[in-house]
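Please look over the sequence and the structure shown here before reading on. The report that follows begins with a question and then moves through several topics in turn.

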Amino acid sequence: MNNKALPTKIKIIIIIAFTIVLFGLILLIFGRTKDKRFESYSSTPYDEHIGVILREVEKRQSTLQTGSSSTKTEGEHEKSVYDLQILLVRNQENDDIDNIRIYVAGKNKNNYTYFDYSSYTKSMTGSTMHSLTSATSFASKEFINRHSHGPNGEEIDESTLLDESPIEFFILVTYTTKETEHSFAYRTSTLDFNLNKKFKKAEKREVKGSYIDYKEDPIKIRITKDLAESESTIKEVQKDEFSIECVWDSNNLDAFKYSSDVLEGFNLRQHEISNPKDKEAWDVNPEIVDIKLEIYAKITNKDEDFSNYVKVYSLYGFYSRHRNLSIYDLEIDESLNLESFYIYAELKIDNGTNGNKTKLLKKPFEYNMLYYVTVDEL
């Protein structure tokens, strides 16, 4: 009996071992494939025809908002939802840009989330200089409740944190010009830093005129407020309202301008001209060719699984000099006690290109911003 059973046991062991190896190999292959899919994506947010900028906002919900007004109980946890806007701008192209399709992937700590805008197409023709696409509820960070049964049939309620907070973005844009197909693949990451340590070094600034004091910064920011007049309850949440606007300052940005000898000697031009139909245009003003700007709202929250900093506004990519972004309206539960805004940005400023990789040309200037403003100052 034992002599006959031995080969069967060995076969079972071999089958189990083979299954484990095969399953591990499949995971390895697919895991690598997912990462390798984006290896060819460039960190340059423009090509010869278009530039792209991504705006990401985090919308935080308090425990009053995640609770139940019918049972008059607060939620156990907060929740964050991430919305995206993708802005495309026309660069030097004098021809129409048609059949625009957009694909976005967001990498988080554990996986990827996706947005596919290929079922519909957009165009930039005639006087249309830009195209805006939105992806609401692109990702979220929230606790998911699961109901199951234990080995003895007992009911079990489990709460698991699903954290899709993006740390890297991959944007693929396909389009046509004169029936020629183009594919533009861009990748960018969020700013990687320790919030508490970094913000301890932030400079406190006041509001001067309409904007937060921007000193020599190429970007100026305006934040206005409309605070709730009463306190939130489980039955009715009161919202503090803020408007955030980011625009470039021509005087500070033009301080990076090359001398006329350099401009003329290399026949430099801007990546983006103000009017693509004007073939005689020769613009040589500095541009923000790559931006990573993040604005955080410091709040008082009850949930230790969520940061007391909310990334209420962020920009990544090519910052158009001629097409301003729309004003963003922020609403947040007044019970979260928003007390200040922290601004951190890393910019790359270029002063023209001649269309090739001339080694004599300087690399883009790098410029950083780090400061905060209190709500009382607004």
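## Pairing within a sheet

In which sense, and over how many bridges, do strand E3 (residues 97–107) and E4 pair? Strands E3 and E4 pair in the antiparallel sense, over eight bridges, where two strands count as paired if DSSP finds at least two bridges between them. One of these bridges can be followed by residue, since the partner of Ile102 in E4 is Tyr117.

The two strands belong to an open sheet of four strands in the order E4-E3-E7-E8, with antiparallel pairing. Strand E4 (112–124) and strand E8 (180–189) are the edge strands, each pairing on one side only. On average, neighbouring strands of this sheet are turned by 15 degrees against each other, direction ignored; the axes are lines fitted to C-alpha atoms, and angles run from 0 to 180 degrees between N-to-C directions.

## Basis and overall make-up

This is a predicted model, in which local features need pLDDT of at least 70 and side-chain atom pairs count only at pLDDT 80 or more, while totals for chains, interfaces and linings use all residues. Residues are numbered from 1 along each chain as its sequence is written, and side-chain values use heavy atoms, with hydrogens and water left out.

The protein has four helices and 18 strands, taken as DSSP runs numbered from the N terminus (helices H or I, at least four residues; strands E, at least two). Of its 378 residues, 45% are buried, meaning under 20% relative accessible area with a 1.4 Å probe and protein chains only. Among contacts (heavy atoms within 4.5 Å) between residues at least 6 apart in sequence, 72% join residues at least 24 apart.

## Around Asn252

Asn252 lies in helix H3 (residues 250–254) and is buried, with a relative accessible area of 15%. Its side chain reaches the backbone oxygen of Lys215 at 2.8 Å. Leaving aside residues up to four places away in sequence, Asn252 touches Tyr214, Lys215, Glu216, Asp217 and Pro218.

## Aromatic rings

The structure holds 24 aromatic pairs, counted for rings of Phe, Tyr and Trp (its six-membered ring) with centres within 6.5 Å; planes under 30 degrees apart are stacked, over 60 edge-to-face and the rest tilted. Phe193 and Phe199 form an edge-to-face pair, because their ring centres are 5.7 Å apart and their planes stand at 65 degrees.

Phe193 is buried, with a relative accessible area of 15%, and Phe199 also counts as buried, at 4% relative accessibility. Phe193 and Phe199 join Tyr296, Tyr309, Tyr342, Tyr344 and Tyr372 in one aromatic cluster.

Methods: Buried < 20%, exposed > 50% of the residue type's maximum accessible area, 1.4 Å probe, protein only. Polar contact = N/O pair within 3.5 Å; in protein donor to acceptor, adjacent residues only side chain to side chain.
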